[in-house]
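Colleague: Before the assignments are accepted, I should like to hear how each term is justified. Please set every value against its definition.

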Amino acid sequence: MVVEGNAEIYSPLKVLKHPEFRILNPGEKPPTTANIAAFYNPAHEIHLVEKPRPKPGPGQVLLHVRATGICGSDVHFWQHGRIGDSMVVTDECGSGHESAGEVVEVGEGVTQWKAGDRVAIEAGVPCSQPACDACRTGRYNACPDVVFFSTPPFHGTLTRWHLHPAQWLHRLPDNMSFEEGSLCEPLAVALAGIERAGLRLGDPVLICGAGPIGLVTLLSARAAGAEPIIITDLFQSRLDFAKKLVPGVRTVLITRGTSPKEQAVQIKEAAEGPLKVAMECTGVESSVHTAVYSMQFGGKVFIIGVGKNEQVFPFMHLSANEIDVNFQYLPKGDPACSRRLINVKPLVTHRFALEDAVSAFHVAADPSQGAIKVQIQD
């Protein structure tokens, strides 16, 4: 008997070739029982589709997805069609990976979950095979056969009914809402960055970008005891939000036309000296340069953000000052997400019904509308 791997089990073609799959007309309101989802495609369109309601197989759980946040990567796939050379939108592809939901039905062999259980979804599902070095050594986010829902070609979790492996769900405590549960994924991104950057109590830290990941990194850095913390952004409204979130943070507005070296001078003045660690959450080349020039000798620039495929770095400044540059790929789940150690709820500024997901994407993609984290709730 041939055992299907995750790539075959969750093949997008099972949905795209199903006779019930169709793209909804603009303004069409399907029944509340319909399995609708937000999809993007190579033509840079974002729209709702209707797809079949799946049936759980062995080891699987059917979920009613109750809350999903729109990530910057979702917007990037929609508007640019790719992230790097390996993640390319080549067909209709379902969005969303920051999700929490309720168990509706369990498949054969599933004993740890029952209907009604509330869970956060870990969107990256590795192969979990003993022969896989990444899985065997605990770095399962690096599994070469990982299925990451919403990363092309695999459909995401921004849908009403989602099929998921039972072992890749995290139980939500009774006092945690679905809204908070869906923020576990971006929090895991920040916590992984804080851990791998080696941030310690009292370290002066720079956070580049006050978007959702920058702000959850801010909360995580404060919880880790960093001081002082400087955060930058192009939009004063986002810096004002950061100041309300963590009153002790020091903010620096990035102004267009100012060089990275000039911005770094302002950052070091705000910090009253060079910084030890930078958490770069934008992926923008000029922002990376600013982070580099803000570092002390022996500092570290940790890049979480995604940007253009090839970038130029100030090589000799990095070399002469022994500044390390590190990167982050997909996050792993973190138990702190379900222990309420960090209050992430203030990050949700806009909420939309699943039927209004297209409007939600347009708000999330436009910083001038003041959104931090846009959520789809059902």
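Modeller: Buried means under 20% relative accessible area, exposed over 50%, and partly exposed in between, with a 1.4 Å probe and protein chains only. By that criterion, buried residues make up 54% of the 378 residues in the protein. The model is predicted, so local features need pLDDT of at least 70 and side-chain atom pairs pLDDT 80 or more, whereas totals for chains, interfaces and linings use all residues. Numbering runs from 1 along each chain as its sequence is written, and side-chain values use heavy atoms, leaving out hydrogens and water.

Colleague: What makes the protein as compact as a globular protein of that length?

Modeller: The globule rule is 2.2 Å times the number of residues to the power 0.38, and the radius of gyration is taken over C-alpha atoms. The rule gives 21 Å for 378 residues and the radius of gyration is 21 Å, so the protein is as compact as a globular protein of that length. The C-alpha trace spans about 60 × 50 × 40 Å along its principal axes.

Colleague: Why do E1 and E7 stand at the edges of the sheet?

Modeller: Helices (H or I, at least four residues) and strands (E, at least two) are DSSP runs numbered from the N terminus, and two strands pair if DSSP finds at least two bridges between them. The open sheet has four strands in the order E1-E3-E2-E7, with antiparallel pairing. Strands E1 (22-23) and E7 (93-94) each have a single partner strand, so one side of each is left without a neighbour in the sheet. E2 (residues 35-40) and E7 have two bridges, and Phe39 stands opposite Gly94 in E7.

Colleague: What qualifies the 35 residues as a nonpolar core?

Modeller: A nonpolar core is a set of buried Ala, Val, Leu, Ile, Met, Phe, Trp, Tyr and Cys residues joined through side-chain atoms within 4.5 Å. The largest such set has 35 residues, and Leu215, Leu218, Ile231, Met279 and Leu347 have the most contacts inside it. Helix H6 (184-197) is among the elements that give two or more residues to this core; H6 gives the most, with six residues. Contact means heavy atoms within 4.5 Å, and Leu218 touches Ile207, Ile229 and Ile231, among others.

Colleague: How do you know that the buried residues of H8 lie on the same side?

Modeller: In H8, Arg238, Leu239, Phe241, Ala242 and Leu245 are buried. The arc is that of the directions from the helix axis to the C-beta atoms. These residues cover an arc of only 155°, which puts them on the same side of H8.

Terms used: Lists of a residue's contacts leave out its neighbours within four places in sequence.
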